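Here is a walk through one protein model, from its enclosed elements to its pocket. Keep the sequence and the coordinates open side by side.

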Amino acid sequence: MGGMPENAPDQDARELVQPRIRRAWYVACVSTELRKKPLAFTIFETPIVLFRDSSGQANALMDRCPHRNVPLSIGKVVDGRLACGYHGWQFSGDGRCVHIPAYTGEPDRPARRCGAFPVIEQQGFVWVWPDRSGPPEGPPFEMRYADAPGYLTVRKALPAQASIHAVAENALDVPHTAFLHRGLFRSDTPNRAPITCRIKRWHDRVECEYIGESRPTGLVGRILSPSGGTVIHFDRFYLPSIVEVEYRIGDENHIVLNGAITPVSDHESVLHACVAVRARIPLWLVRPFVEMAALRIFGQDQRLLEIQTNALRRFGEARYASTEIDVLGPHILRLMRQAARGTPAPPDGQPYTRDVTMLV
């Protein structure tokens, strides 16, 4: 963490406000949420409004009419333009004022324009680049196996009262599953077996491969693979806020959970989850189970993360005393701090690699 030596996990880090990485793509909503009405959302406490123009393309503007500061999200879409609900001023997708009712002059002036943000619609999500200091750097993250042939894909928006770092670490943390999700995924049993956790960190991502892991003992593992089988398990984090959990159980069962975490504020986020599943059992039977299990597991995480955030606020600081089996959390925070500082990214070379032992 920060300047922490790689081999000193017991040193604690104190931080209340998370690093803010503004020059990045973040998911605003699932594509099906954005229909005929404007849709409000927030990134880093900045109110933004989405709307579709006459061609169906998604657009993002600052959610504030320059006329009298009324949120544009309370207005409506008229002929592909966003109309303010107070005086009816209309704005195009690039933020220009194109119509002022009852006004005979030229409507467009610099002071009458509304700030616009780059938008890309991809794989069933609407992504927004919330920084207007320059053009976006590359496309959004591509979620693996989303809508791939033979896979069931489920998308959900899951709010959390927690920072990006807290949500990401929670999503990729193995040890807590035996306690918080007892019976659903793993159980706290006395006969835990040791496995090897192989951690690799590059300049923009970190992953952990769990070597020698048996099929999870909880309900999820038993339903997806009743007969057991060899387990291939990776957890990954990609800057600025993408988590990925991948399981292969046996030859036919494959689960990839991608989560794009959007920061509403320093301690409020939305996890836009995209779960792709291939299984031995018919996919029409898998969907209700995946939705039920995912919502149950995240509901438990959601309550715990809110309790954790409230504790951070009461104490006014965050203290993390880590051990070797906190395999990804310290690395995630390190990557986020470097990115927020604008540290130049070196070209990919040999990653930092470390093996640790964990009981599961």
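A residue counts as buried when its relative accessible area is under 20%; over 50% it is exposed, and in between it is partly exposed. The model is predicted, and the burial values below are computed from it.

Start with strand S2, residues 26-30. Five of its five residues are buried, so the strand is largely enclosed by the rest of the structure. S2 pairs with S12 in the antiparallel sense, over four bridges. One contact to look for joins valine 30 to its bridge partner in S12, phenylalanine 125.

Helix H1, residues 164-171, gives a similar picture. Seven of its eight residues are buried, so H1 too is largely enclosed by the rest of the structure. The buried set is Ile164, His165, Ala166, Val167, Ala168, Glu169 and Asn170.

Now move to an open sheet. Which strands form it, and in what order? Four strands line up as S3-S4-S5-S10, with antiparallel pairing. S3 (39-43) and S10 (116-117) stand at the edges. Each has a single partner strand, so one side of each is left without a neighbour in the sheet. S4 covers residues 46-52 and S5 residues 58-62; five bridges pair them in the antiparallel sense. Within that pairing, isoleucine 48 has methionine 62 of S5 as its bridge partner.

Next come the charged contacts. How many salt bridges does the structure hold? The count is 18. One of them joins the side chains of arginine 144 and glutamate 246, at 2.5 Å from N to O. Arginine 144 sits in the loop between strand S12 (125-128) and strand S13 (152-160), while glutamate 246 belongs to strand S17 (residues 242-249), so the pair ties together parts that are 102 residues apart in sequence. The two ends differ in burial class. Arginine 144 is partly exposed, at 28% relative accessible area. Glutamate 246 is buried, at 6%.

A second salt bridge links the side chains of aspartate 147 and arginine 155, again described by an N to O distance, 2.5 Å. Arginine 155 counts as partly exposed, at 22% relative accessibility.

A third salt bridge joins glutamate 207 and arginine 236, with the closest N and O atoms 3.1 Å apart. This pair links distant parts of the chain: glutamate 207 lies in strand S15 (residues 205-211) and arginine 236 in strand S16 (residues 231-238), 29 residues apart. Are these two residues buried or exposed? Glutamate 207 is buried, with a relative accessible area of 15%. Arginine 236 is buried as well, at 11%. Through shared partners, salt bridges join Arg144, Glu207, Arg236, Glu244, Glu246 and Arg248 into one network.

Two other residues help to place these strands in space. Serine 214 lies in the loop between S15 and helix H3 (219-224). At 54% relative accessibility, serine 214 counts as exposed. Its C-alpha is 9.0 Å from that of isoleucine 249, and the two are 35 residues apart in sequence. Histidine 254 lies in strand S18, residues 253-265. At 0% relative accessibility, histidine 254 counts as buried. The C-alpha atoms of histidine 254 and valine 231 are separated by 9.9 Å, with their positions 23 residues apart along the chain.

Follow the chain to helix H4, residues 283-315. H4 has 33 residues and reaches 47 Å from its first C-alpha to its last, close to the 48 Å expected at 1.5 Å a residue. Its buried residues include Val286, Phe289, Val290, Ala293, Ile297 and Phe298. Gln300, Asp301 and Thr309 are also among them. Just after H4, glycine 316 takes a positive phi of about 75°.

Finish at the largest pocket. Its volume is about 840 Å³. The lining comprises 37 residues, and His203, Asp204, Leu239, Pro240 and Ala339 lie nearest the centre. Which element gives the largest share of the lining? Helix H5, residues 329-341, does, with five residues. By class, the lining has 22 nonpolar, six polar and nine charged residues.

Notes
Residues numbered from 1 in each chain as written. Predicted model: local features only at pLDDT ≥ 70, side-chain atom pairs only at ≥ 80, totals over all residues. Heavy atoms only, no water. 1 Å grid on protein atoms, 1.4 Å probe; cavity = no way out; pocket = protein on both sides within 12 Å on 5 of 7 lines; lining within 4 Å. Points joined across faces, edges and corners; volume = space filled by probe spheres on them. Nonpolar A, V, L, I, M, F, W, Y, C, P; charged D, E, K, R; others polar. Expected span 1.5 Å × (residues − 1). Buried < 20%, exposed > 50% of the residue type's maximum accessible area, 1.4 Å probe, protein only. Pairing = 2+ DSSP bridges. Salt bridge = Lys/Arg side-chain N within 4 Å of Asp/Glu carboxyl O.
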